[in-house]
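Got your viewer open and a selection tool handy? Let's take a walk through this one, stop by stop.

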Amino acid sequence: MKINNHKLFPTLVLEFSSFLSMQECEEILQIIEKNKHWLKKHNSVTKGKSSHSLQCFLSETNQTSLKKKILEAAKLYAQTGGYEIREKMDNSWFNIEEKESHLIKHSHPLSILSGALYLNINEKSSSLYFFNPNSYALQNTMSKESSEYGYEWVKFTPNLGTLYIFPSWLVHGTDTNKMKERIVLSCNII
């Protein structure tokens with residue numbers, strides 16, 4: 001008897017470790033500090049603020065080299081995952097989460113790929129969670145334990161300067177942040 005193992009409907013998340021150096025993160029943090037007037041309450045961030053809007057923060061602050069670098073990472077994702085993108089950053093923004101905050105489960109409609117770049121985090125920072133999009137797997141009450149075929153979520157513990165690229169439809173969020181100011185730059189790509 002021959003048995004074939006078929007893994008159906010996998011979801012690609014690319015992690016670019018050390019995407020930015022500590023010095024590059026610090027330079028972007030200084031630009032964010034000068035532009036905190038963009039911050040406002042946003043319904044996806046509890047006890048924190050976001051500069052989320054239809055504008056592209058990286059374009060508005062003339063961060064063309066970082067924008068280009070992120071688009072190159074998105075292009076690699078698209079090639080690896082078989083996506084077709086126009087290689088255009090639709091918008092970008094930064095979130096600042098205070099202590100005891102979290103990012104509510106959400107996705108990014110009207111874009112193809114999304115990115116999260118970790119600029120100010122430490123060991124007390126909240127982790128990034130991606131949630132299983134297959135609702136039928138989650139209804140299976142007969143599972144003995146979580147496995148790659150029936151897990152509810154996958155947790156990532158980012159490092160400073162790490163970039164994650166993922167499909168915009170993939171629901172994600174965080175657990176509770178325990179540090180003073182967790183700062184993440186996010187973007188949408190079409």
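Start by selecting F94, a buried residue with a relative accessible area of 0%. Keep in mind as you go that this is a predicted model.

**Stop 1: a ring pair**

Now add F57 to the selection. Is F57 buried or exposed? It counts as buried, at 1% relative accessibility. The structure holds 10 aromatic pairs. In the pair of F57 and F94, the ring centres are 4.9 Å apart and the planes meet at 65 degrees, so this one is edge-to-face. F57 belongs to helix α2 (residues 57–60) and F94 to strand β3 (residues 89–103), so the pair links parts that lie 37 residues apart in sequence.

**Stop 2: S50**

Next, pick S50, which you will find in strand β2 (residues 45–50). With 1% relative accessibility, S50 counts as buried. Which side chain does the side chain of S50 meet in a polar contact? Show N95: the two side chains come to 2.6 Å. If you display what else S50 is in contact with, leaving aside its neighbours within four places in sequence, you get a list including W38, H42, W93 and F94.

**Stop 3: the six-stranded sheet**

Zoom out and colour the strands. You should see an open sheet of six strands in the order β1-β7-β4-β9-β3-β2, paired antiparallel. β1 (14–16) and β2 are at the edges with a single partner strand each, so one side of each has no neighbour in the sheet. On average, neighbouring strands here are turned by 25 degrees against each other, direction ignored. Then select helix α1 (residues 22–34), which packs on the sheet and touches β3, β4 and β9. The direction of helix α1 makes about 95 degrees with that of β4.

Within the sheet, go to β4 (residues 113–120) and β7 (residues 163–167). How many bridges join β4 to β7? There are five, and the two strands run antiparallel. For a specific spot, click A116: its bridge partner in β7 is Y164.

**Stop 4: N188**

Move along to strand β9 (residues 182–189) and select N188. N188 is buried, with a relative accessible area of 6%. Its side chain makes a polar contact of 2.7 Å with the side chain of H108. Other residues that N188 touches, not counting those up to four places away in sequence, include K88, D90, W93 and S168. For a sense of distance, draw a line from the C-alpha atom of N188 to that of S147: they are 41 residues apart along the chain and separated by 30 Å.

**Stop 5: the three-stranded sheet**

Another sheet to look at is open and has three strands, in the order β6-β5-β8 with antiparallel pairing. β6 (153–156) and β8 (172–174) are its edge strands, each pairing on one side only. Select β5 (residues 128–131) together with β8 and look for three bridges between them. L128 stands opposite T174 in β8.

**Stop 6: more rings, and some lysines**

Show Y118, F130, F156, Y164 and F166 as sticks; they form one aromatic cluster. Y164 may ring a bell as the bridge partner of A116.

To finish, look at two lysines. The charged end of K105 sits over the ring of F131, 4.5 Å from the ring centre. For K69, the ring is that of F19, with the charged end 4.8 Å from its centre.

How values were computed
Residues numbered from 1 in each chain as written. Predicted model: local features only at pLDDT ≥ 70, side-chain atom pairs only at ≥ 80, totals over all residues. Heavy atoms only, no water. Helix = DSSP H or I, 4+ residues; strand = E, 2+ residues; numbered from the N terminus. Buried < 20%, exposed > 50% of the residue type's maximum accessible area, 1.4 Å probe, protein only. Polar contact = N/O pair within 3.5 Å; in protein donor to acceptor, adjacent residues only side chain to side chain. Contact = heavy atoms within 4.5 Å. Pairing = 2+ DSSP bridges. Phe/Tyr/Trp six-rings, centres within 6.5 Å; stacked < 30°, edge-to-face > 60°. Lys NZ or Arg CZ within 6 Å of the ring centre and 35° of its normal. Axes fitted to C-alpha atoms, helices over the stretch in contact; angles between N-to-C directions.
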